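Student: I am new to this structure and would like a close look at a single part of it, the sheet. Could you take me through that part slowly, and then through what is packed or placed around it?

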Amino acid sequence: MNTTTHFNIEPSWQAADGFPVSVRWMVRRDLPAVVGIEQACFEFPWQKEDFLGCMQSRNCIGMVAAREEWVVGFMIYETKKRQVDISSIVVHPRYQRRSVGSQMMRKLIDKLANQKRYRIILQVRESNLPALCFFRLLGFRVRRISKNCHEGGDEDVYEMEYSVAKI
Ligand SMILES: CC(C)(COP(=O)(O)OP(=O)(O)OC[C@H]1O[C@@H](n2cnc3c(N)ncnc32)[C@H](O)[C@@H]1OP(=O)(O)O)[C@@H](O)C(=O)NCCC(=O)NCCS
């Protein structure tokens, strides 16, 4: 199976109303597609080695959103005793605004309710309006604002939190 994403030659998905994806564990052969999506979205993208290191770390989990063999998005998070910290959630620009990000988050939220982990935490730069809108719509709330100290950045970073319903 070819898991490298060739975004120019996929089947005729453009006209679909919804865009159902399967959300599954990230495996090594997904990495070319994952790195490609990362590069398409960020000025300072993670490299393959960064993802590999993350996959080898005990509490770090990678998920991908795939349709047939095409990987169109991914999510990386770290599990802690009572919460999950999302490091990254990314959808290839070509597939954004088609509910792929929402489907990945829904999968995570559904899973956490059974694990007695009741909070999801993540950080978003203030200039990343699409992500702020996305997380607000999902029910995240800003719980802290701090200065970005990474990559020479000089902008505020919003720490956002989602409370998972206890079951
Ligand atoms: C943030 C991100 C993951 C959202 O994924 P997505 O699949 O495009 O999101 P969805 O289609 O599920 O959007 C759900 C809702 O969020 C809001 N939203 C998403 N993108 C938005 C945008 N660019 N502008 C305004 N609202 C937006 C909308 O309300 C949207 O519903 P609608 O399309 O019916 O109006 C995606 O924009 C992305 O990959 N961005 C680049 C990487 C990034 O910044 N990641 C977050 C930081 S870790």
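Tutor: What follows goes through the sheet strand by strand, then turns to a helix beside it and to the surroundings of the ligand.

Please keep in mind from the start that this is a predicted model. The chain holds four helices and seven strands, and, read from the N terminus on, its elements follow the order β-α-α-β-β-β-α-β-α-β-β. Buried residues account for 26% of the 167 residues in the chain. If one takes the contacts between residues at least 6 apart in sequence, 60% of them join residues at least 24 apart.

Now to the sheet itself. Seven strands form an open sheet, and their order across it is S1-S2-S3-S4-S5-S7-S6, with mixed pairing. At its edges are strand S1, residues 22-25, and strand S6, residues 141-147, each of which pairs on one side only. Direction ignored, neighbouring strands of this sheet are turned by 30° against each other on average. As a general point, the strands of a sheet pair through backbone hydrogen bonds, and they may do so either parallel or antiparallel.

A good place to begin is the pair S3 and S4. Strand S3, which spans residues 70-79, pairs with S4 in the antiparallel sense over seven bridges, and a hairpin of three residues joins S3 to S4. Two positions can be picked out along this pairing: Thr79 stands opposite Val84 in S4, while Tyr77 stands opposite Ile86 in S4.

On to the pairing of S4 with S5, which is parallel and runs over three bridges. Val84, the residue that stands opposite Thr79, has Ile120 as its bridge partner in S5. Ile120 in turn stands opposite Tyr162 in S7, so that one can step from S3 through S4 and S5 to S7 by following Thr79, Val84, Ile120 and Tyr162.

The pairing of S5 with S7 brings back the antiparallel sense: strand S5, residues 119-125, and strand S7, residues 156-163, run antiparallel and are joined by seven bridges. S7 also pairs with S6, again in the antiparallel sense, over six bridges, and there Arg141 has Glu161 in S7 as its bridge partner.

Next comes a helix that packs against part of this sheet. In helix H1, residues 31-41, the residues Leu31, Ala33, Val34, Ile37 and Glu38 are buried. These residues lie on the same side of H1, because the arc they cover around the axis is only 160°. The partners against which the buried residues of H1 pack are helix H2 (48-56), strand S2 (60-67), S3 and S4.

The ligand can be described through the residues around it. There are 19 of them, and those that come nearest are Gln96, Gly101, Ser102, Pro130 and Cys133. Strand S4 (83-91), helix H3 (100-113) and helix H4 (129-138) are the elements that give two or more residues to this shell, and H4 gives the most, with five residues. By kind, the shell around the ligand divides into 11 nonpolar, six polar and two charged residues.

Two glutamines deserve a separate look. Gln96, one of the residues that come nearest to the ligand, is found in the loop between S4 and H3. Gln96 counts as partly exposed because it has 16 C-beta neighbours inside 10 Å. Although Gln96 and Gly73 are 23 residues apart in sequence, the distance between them in space is 9.1 Å, C-alpha to C-alpha.

Gln103 lies in helix H3. With 19 C-beta neighbours inside 10 Å, Gln103 also counts as partly exposed, since a residue is called buried at 20 or more. Leaving aside residues up to four places away in sequence, Gln103 touches Val21, Val23 and Ala65. Gln103 and Phe19 are 84 residues apart in sequence and 9.5 Å apart in space, again from C-alpha to C-alpha.

Conventions
Residues are numbered from 1 along each chain as its sequence is written. This is a predicted model: local features need pLDDT of at least 70, side-chain atom pairs count only at pLDDT 80 or more; totals for chains, interfaces and linings use all residues. A residue is near a molecule or strand if its C-beta atom, placed from the backbone, lies within 6 Å of it. Ala, Val, Leu, Ile, Met, Phe, Trp, Tyr, Cys and Pro count as nonpolar, Asp, Glu, Lys and Arg as charged, and the others, Gly among them, as polar. Axes are lines fitted to C-alpha atoms, for helices over the stretch in contact, and angles run from 0 to 180 degrees between N-to-C directions. A residue is buried if 20 or more other C-beta atoms lie within 10 Å of its own, exposed if 12 or fewer, and partly exposed in between; C-beta atoms are placed from the backbone. The arc is that of the directions from the helix axis to the C-beta atoms. Two residues are in contact if their C-beta atoms, placed from the backbone, lie within 7 Å.
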